[in-house]
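Trainee: I would like a close look at a single part of this model. Please take me through it, then set it in its surroundings.

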Amino acid sequence: MSEAASAAAPDWRSRLVAVPAGTLALRAAVTVVVAFVAVWVAYKAYGDPRTFVIVGLNGLTLAGLYFVVASGFTLIFGLMRVVNMAHGSLYMLAGFFALELQTTLTGGEATSAFGSSQAGLGDWIIPLVVACLAVGLIGLVMQQLFLRWNQGQELRQALITIAIGIIIADQTLAHFGGIAESLAAPDAFPESVHLPFSDLTYPFFRIFVLLVAVAVGLALWAMIQRTRFGMIVRAGVDDRQMVSALGINIQLVFASAFFLGAMLAGLGGVLGGTMISVDKANDTQYLLISLIVVIIGGMGSLAGAALGALALGLVDSFGDVYLPAGYTNYSILLIFGLLVLVLAVRPLGLFGRPA
Amino acid sequence: MNRSALTMERLFWWGPGILFALILLVAPLLFTDFYLSQVITKALWLGIAAASLIFLAAYVGMVSLGQVALYGIAGFTMANLVEADGGSPIAWNPWLATGVGILAAVGAGLFIGAIASRSYGIYFLMITLAVGVLTFYFFAQVTQLSGFGGVNNVTRPGIVSNPVTDPQNLFYIALGVSAVVFLFVRYLARTPFGLALQGVRDDPSRMRALGYNVPLLRMLAFGLGALIASFAGIISVWWNTRISPGSIDLSRTIDVLVIAVIGGLYRLEGAWVGAFVFAALDNWTRGLDIVGQRFNTVIGAIFLAIVLLSPGGLMGIWQTIVDFFGRQLSGGPPARPTGAAGEAQHATDSPQPS
């Protein structure tokens with residue numbers, strides 16, 4: 001395996017270098033696996049197109065949620081090389097906090113465990129905004145108090161965020177109880193929509209999450225590619241010291257990016273809490289999801305996060321339904337397989353660049 | 001460094017270690033059965049688990065968060081192969097099942113190592129953590145292997161008597177395995193293979209230039225780490241007499257990491273020191289009202305304090321003390337300018353091949 005070639009030359013020129021037989025065999029194996037999966041899904045889709053559409057939409061909307069959460073994780077890593085292991089805890093905290101706020105605002109009438117009852121628009125928006133800001137602030141404080149003076153020490157920073165993640169998760173459960181419940185969606189939204197060209201209906205809120213994800217993706221892309229702030233961020237990723245030598249306050253950029261990244265975990269927490277539920281296992285679950293999305297996509301890459309989220313969402317959703325009956329509880333192996341497949345071919349992820 | 005400072009330094013490291021070992025040898029005479037089982041034996045197998053992490057971190061520069069998953073694979077395989085409540089209905093000889101469990105963990109370790117060994121530093125940490133959490137979800141979902149609520153009343157080999165009423169045998173087994181693991185890793189570090197691993201830790205690119213197969217070395221090291229972790233997995237199942245998905249969830253992974261960091265991520269003996277502190281704290285805080293159910297907050301806070309104040313953990317603090325006395329004695333420059341903190345710093349920024 002020409003590790004040097006694949007790690008050091010991520011561009012297309014690396015294709016010009018002759019690849020050893022081992023790599024060719026690996027690529028052939030990967031192609032066979034991908035082709036087999038595609039044929040299996042196509043076969044199942046031909047047999048029952050209605051299920052295919054619904055499961056596909058489930059996968060897409062799930063991918064939207066995963067992208068919102070993981071984009072914050074990858075933003076923070078891309079700029080500061082900090083792996084924020086508290087990301088899942090921040091997600092969970094935002095969910096429980098928003099739920100508590102909504103219950104207070106509506107007097108405890110609108111929310112119900114997994115019910116379809118709806119709250120006023122304000123009763124959903126206010127918790128959303130407050131929870132996002134609160135979690136963003138916690139992220140900011142965490143960065144300023146503990147991470148700022150440990151810059152460049154990747155492992156130490158990861159350990160610090162793990163410690164903070166434990167404390168946040170434990171205190172969240174202590175204060176909010178940890179009973180699985182879902183936030184009520186705003187009543188201004190329709191409950192479900194008719195899909196065009198069919199008689200199928202689909203929950204509107206899930207579509208809304210997908211739209212939010214697309215909007216977040218576009219906004220982040222525009223911010224990074226088109227604004228002065230984004231220009232500084234991109235320059236900071238490449239050469240932090242040079243940027244500060246030019247008289248730019250890089251610390252301010254770091255702080256803003258951390259605030260934004262944590263806020264995205266919060267946004268994900270509220271969206272996920274409404275779409276699925278708020279649960280005491282959310283911290284582990286969404287830390288894992290963030291990790292897998294960025295490992296597949298490549299750390300620090302927005303496009304990679306989108307692709308990783310899409311792959312994970314679809315595998316997650318189709319795996320639960322399309323595995324042969326009796327084997328559906330092995331679906332987690334598919335996610336493991338996805339991880340193995342990507343890492344076997346690209347150790348740094350699909351869009352990963354060497355540090 | 002003059003001769004007396006060197007002797008002094010050896011005395012400071014080996015003295016407490018030998019004392020510790022002697023106390024442990026006669027521990028059944030000194031402590032109650034409850035304490036022997038719930039604190040000391042538990043600390044010994046937690047120490048073995050942490051030792052597998054520290055071995056990889058200190059000698060190969062791979063900080064792995066997948067060790068708990070590997071010990072879970074050993075434990076679940078063993079528990080499923082013997083007679084037990086829940087899990088598969090197979091009822092093999094406990095020793096055979098133990099061997100197969102260890103082999104399964106080593107196999108899984110080599111496979112995961114093959115995938116993850118081409119990633120370095122923080123990427124490696126993330127990949128092993130992801131694999132570890134996936135393993136937890138796998139056992140949580142596949143109830144054919146984990147029962148509903150775990151595999152209970154796992155049959156143990158005859159020599160492992162009831163760990164609650166008669167904890168002595170299991171204690172000596174855990175102590176013996178700990179000693180073997182410790183001495184084996186110390187020996188390994190002096191063999192050509194161990195030296196190659198340390199070369200990979202310090203500079204993978206240069207090792208590759210010298211003709212070493214770096215991914216292969218890292219993969220083998222990870223397999224070896226899995227072997228050490230599997231011992232902890234087997235003993236933990238004997239000690240608990242059960243195993244459930246909860247035995248290998250994220251908080252267990254973090255517990256083992258906390259133990260390694262409290263003890264000192266870059267000295268092997270730190271594994272057991274950290275484990276004793278952890279097990280004693282766990283036992284002590286259970287009785288406290290203010291802490292109550294919030295053990296995780298306490299552990300998180302201690303963990304945070306250690307990482308912030310002494311990245312070398314308790315062993316790092318001890319190193320500072322030894323260096324201080326060494327300086328006093330020799331009256332010269334510091335006995336060891338790159339102490340544990342320097343080592344920690346170095347391994348933290350493990351280089352990326354480019």
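What span should the 16 residues of helix H13 of chain B have at 1.5 Å a residue, and how far apart are its end C-alpha atoms?

Mentor: First, a caution: this is a predicted model. Helix H13 of chain B covers residues 270–285. At 1.5 Å a residue, its 16 residues should span 22 Å. The expected span is 1.5 Å times one less than the number of residues, so the count that enters is one less than 16. The end C-alpha atoms of H13(B) are 22 Å apart, which agrees.

Now its burial. The buried residues of H13(B) begin with B:Gly270, B:Ala271, B:Trp272, B:Val273, B:Gly274, B:Ala275 and B:Phe276. B:Phe278 and B:Ala279 complete the list. Buried here means 20 or more other C-beta atoms within 10 Å of the residue's own.

Compare helix H9 of chain B, residues 192–202. There the buried residues are B:Leu197, B:Val200 and B:Arg201. They cover an arc of only 105° around the axis, so they sit on the same side of H9(B).

Next, the partner chain. In the model, 38 residues of chain B are in contact with 38 residues of chain A. On chain B, three helices each give two or more residues to the side that touches chain A: H6 (121–141), H12 (250–263) and H14 (295–309). H6(B) supplies the largest share of that side, with twelve residues. By type, the residues of chain B on this side are 26 nonpolar, nine polar and three charged.

Chain A itself has 13 helices and two strands. Its radius of gyration is 21 Å, close to the 20 Å from the globule rule for 355 residues, so chain A is as compact as a globular protein of that length. Along the principal axes, its C-alpha atoms fill a box of roughly 65 × 60 × 35 Å. Buried residues make up 47% of the chain. Of the contacts in chain A with a separation of 6 or more, 76% join residues 24 or more positions apart.

Last, confidence. Chain B averages a pLDDT of 85, and 89% of its residues score at least 70. Over residues 334–354 of chain B, the pLDDT is below 50. That stretch still has 53 contacts in the model beyond near neighbours in sequence. For the complex, the predictor gives an ipTM of 0.86 and a pTM of 0.88.

Methods. Residues are numbered from 1 along each chain as its sequence is written. Chains are lettered from A and ligands numbered from 1 in the order in which they are written. This is a predicted model: local features need pLDDT of at least 70, side-chain atom pairs count only at pLDDT 80 or more; totals for chains, interfaces and linings use all residues. Helices (H or I, at least four residues) and strands (E, at least two) are DSSP runs, numbered from the N terminus. The radius of gyration is taken over C-alpha atoms; the globule rule is 2.2 Å times the number of residues to the power 0.38. A residue is buried if 20 or more other C-beta atoms lie within 10 Å of its own, exposed if 12 or fewer, and partly exposed in between; C-beta atoms are placed from the backbone. Two residues are in contact if their C-beta atoms, placed from the backbone, lie within 7 Å. pLDDT is the predictor's confidence in each residue, from 0 to 100. The arc is that of the directions from the helix axis to the C-beta atoms. Ala, Val, Leu, Ile, Met, Phe, Trp, Tyr, Cys and Pro count as nonpolar, Asp, Glu, Lys and Arg as charged, and the others, Gly among them, as polar.
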